[in-house]
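Welcome, and please have the sequence and the structure open side by side. This short report looks at charged pairs, a helix and a surface patch.

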Amino acid sequence: ANATAFRVLDYKTGRPGNFTPKAVIDGTHVQLPLYAWLYRQGKPGLAIDNFGVYALREPEVIWFARRKYTVDELVKAALENAVAIVKSIRRGEFPALPADDRVCEYCNLGHTCGYAETADNS
């Protein structure tokens, strides 16, 4: 980055998990592109150079904007997905979507979301 651009970096103590460009496009991750977009709103002269995750277990930066997706494409997708998520919440639709089925195995809140019951019946 330089004086006309900035980067957003999220530090994780564990593994980076599902923090990927595809997750942004699919709508399962909106955090980092929204942070970048929000920061740019207060600094209109700056461009977003990139955003990424630095995981301590795998010490390297995983940058989101690479060959397949540009920063602008990822930010646009995150904004659209965030709006869709908020609209769903306002309609009372907030489905439980764990990263994998093992998450539900030891969850003591299964009775509130109904995900485990739905997953078992499909």
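## Terms and model

A residue is called exposed when its relative accessible area is over 50%, buried when that value is under 20%, and partly exposed in between. Please keep in mind that this is a predicted model.

## Helix α3 and its two sides

Let us begin with helix α3, which covers residues 71-90. Its 20 residues should span 28 Å at 1.5 Å a residue, and the end C-alpha atoms are indeed 28 Å apart, so the two values agree.

Which residues of α3 are buried? They are V71, L74, V75, A77, A78, N81, A82 and S88. These residues cover an arc of only 160 degrees around the axis, so they sit on the same side of the helix. Their packing partners are α1 (21-26), α2 (31-42) and β2. On the face turned away from this buried side, α3 carries the exposed residues D72, K76, K87 and R90. After α3 comes G92, which has a positive phi near 85 degrees.

## Salt bridges

Side chains of opposite charge can pair when their charged atoms come close. Here the count comes to 5 salt bridges, and three of them are described below.

One belongs to α3: the side chains of E80 and K76 meet with an N to O distance of 2.8 Å. The two residues are 4 apart within the helix, about one turn. E80 is partly exposed, at 45% relative accessible area, while K76 is one of the exposed residues on the face turned away from the buried side.

Another salt bridge joins D49 and R7, whose closest N and O atoms are 2.4 Å apart. D49 belongs to strand β2 (residues 47-55) and R7 to strand β1 (residues 5-12), so this pair ties together parts that are 42 residues apart in sequence. D49 is partly exposed at 31% relative accessible area, and R7 is partly exposed at 44%.

Are the partners D10 and K12 buried or exposed? D10 counts as buried at 13% relative accessibility, and K12 counts as buried at 19%. Their side chains form a salt bridge with an N to O distance of 3.1 Å.

## A nonpolar patch

On the surface, I85, I89 and F94 make up a nonpolar patch, and together they have about 300 Å² of accessible area. I89 brings us back to helix α3, where this residue lies. With 42% relative accessibility, I89 counts as partly exposed.

Notes:
Residues numbered from 1 in each chain as written. Predicted model: local features only at pLDDT ≥ 70, side-chain atom pairs only at ≥ 80, totals over all residues. Heavy atoms only, no water. Salt bridge = Lys/Arg side-chain N within 4 Å of Asp/Glu carboxyl O. Buried < 20%, exposed > 50% of the residue type's maximum accessible area, 1.4 Å probe, protein only. Patch = residues over 30% accessible without salt bridge, like charges linked within 9 Å, V, L, I, M, F, W, Y side chains within 5 Å. Areas by Shrake-Rupley, 256 points an atom, 1.4 Å probe, with all protein chains shown as cover. Expected span 1.5 Å × (residues − 1). Arc of directions from axis to C-beta. Contact = heavy atoms within 4.5 Å.
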